[in-house]
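Open the model in your viewer and set it to cartoon. This tour goes from one strand outward to the whole chain.

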Amino acid sequence: MHLLAPCDSLGALQGDLNVHSLNASEAERARGLIESAPFIGQLGIRFRDCGEGWCETSLEGTPELTQQDGFLHAGVLATMADHTASAAAATRMSEGQRVLSIEFKINLLRPASGRQVRCRADVLRHGRTISVVESDVFCLIDQGEKRVARATVTLAIGSETAPAS
């Protein structure tokens, strides 16, 4: 059984949070998308940084987030990739718009181990009604970072409305 091991090289996750090339409203939209979702909070996914067309989040791998062999569960990686993509798209939206995932594909490139996980999402194409975003998920290990997953996420862009009940 492969257990999550602590990571000594956390350089990419340490330091102050930064926001690049966005006004305060745009940056808060991305941060709020991450911080206001209860499920994302339960998993421990945290907003790290954003700029126009991109967002980064982080996660501390814990035993509760692993599958039967001690690797981080694919569902955790997929959720992180999907939600970080939504926040990246949010950096390109106008006031009063929201995003909703309509499709995503994830390639799990290797088993995910390590105590620290980082996701970087970049907008590939942002249109009036659809945004396509690519998310890379990395585990920080003693030798540096290893990409463990890549997702392509398609998001619908619409006006703010209350969730369907």
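Start with a selection of residues 130–141, which is strand 6: is this strand mostly covered or mostly exposed? It is mostly covered, with nine of the twelve residues in strand 6 buried. Keep in mind that this is a predicted model.

**Stop 1: strand 5.** Add residues 116–126 to the selection. That is strand 5, and it runs antiparallel to strand 6. Ten bridges join the two. For one facing pair, show Arg125 and Val132; Val132 is in strand 6 and stands opposite Arg125. Now follow the backbone from strand 5 to strand 6. A hairpin makes the link, through three residues.

**Stop 2: strand 7.** Next, select residues 144–159. This is strand 7, again antiparallel to strand 6. Here the bridges number twelve. Show Glu134 and look across to strand 7, where Thr152 is its bridge partner. The turn is another hairpin, with two residues between strand 6 and strand 7.

**Stop 3: the whole chain.** Clear the selection and color by secondary structure. You should find three helices and seven strands. Trace them from the N terminus: the order is β-α-α-β-β-α-β-β-β-β.

**Stop 4: contacts and surface.** How much of the protein is buried? Of its 165 residues, 47% are. Among contacts with a separation of 6 or more, 69% are between residues 24 or more positions apart. Finish with the surface turned on. The accessible area is about 8,600 Å², and carbon and sulfur atoms hold 49% of it.

Notes:
Residues are numbered from 1 along each chain as its sequence is written. This is a predicted model: local features need pLDDT of at least 70, side-chain atom pairs count only at pLDDT 80 or more; totals for chains, interfaces and linings use all residues. Side-chain values use heavy atoms; hydrogens and water are left out. Buried means under 20% relative accessible area, exposed over 50%, partly exposed in between (1.4 Å probe, protein chains only). Helices (H or I, at least four residues) and strands (E, at least two) are DSSP runs, numbered from the N terminus. Two strands pair if DSSP finds at least two bridges between them. Contact means heavy atoms within 4.5 Å. Accessible areas come from the Shrake-Rupley method with a 1.4 Å probe; for residues, only the protein chains shown count as cover.
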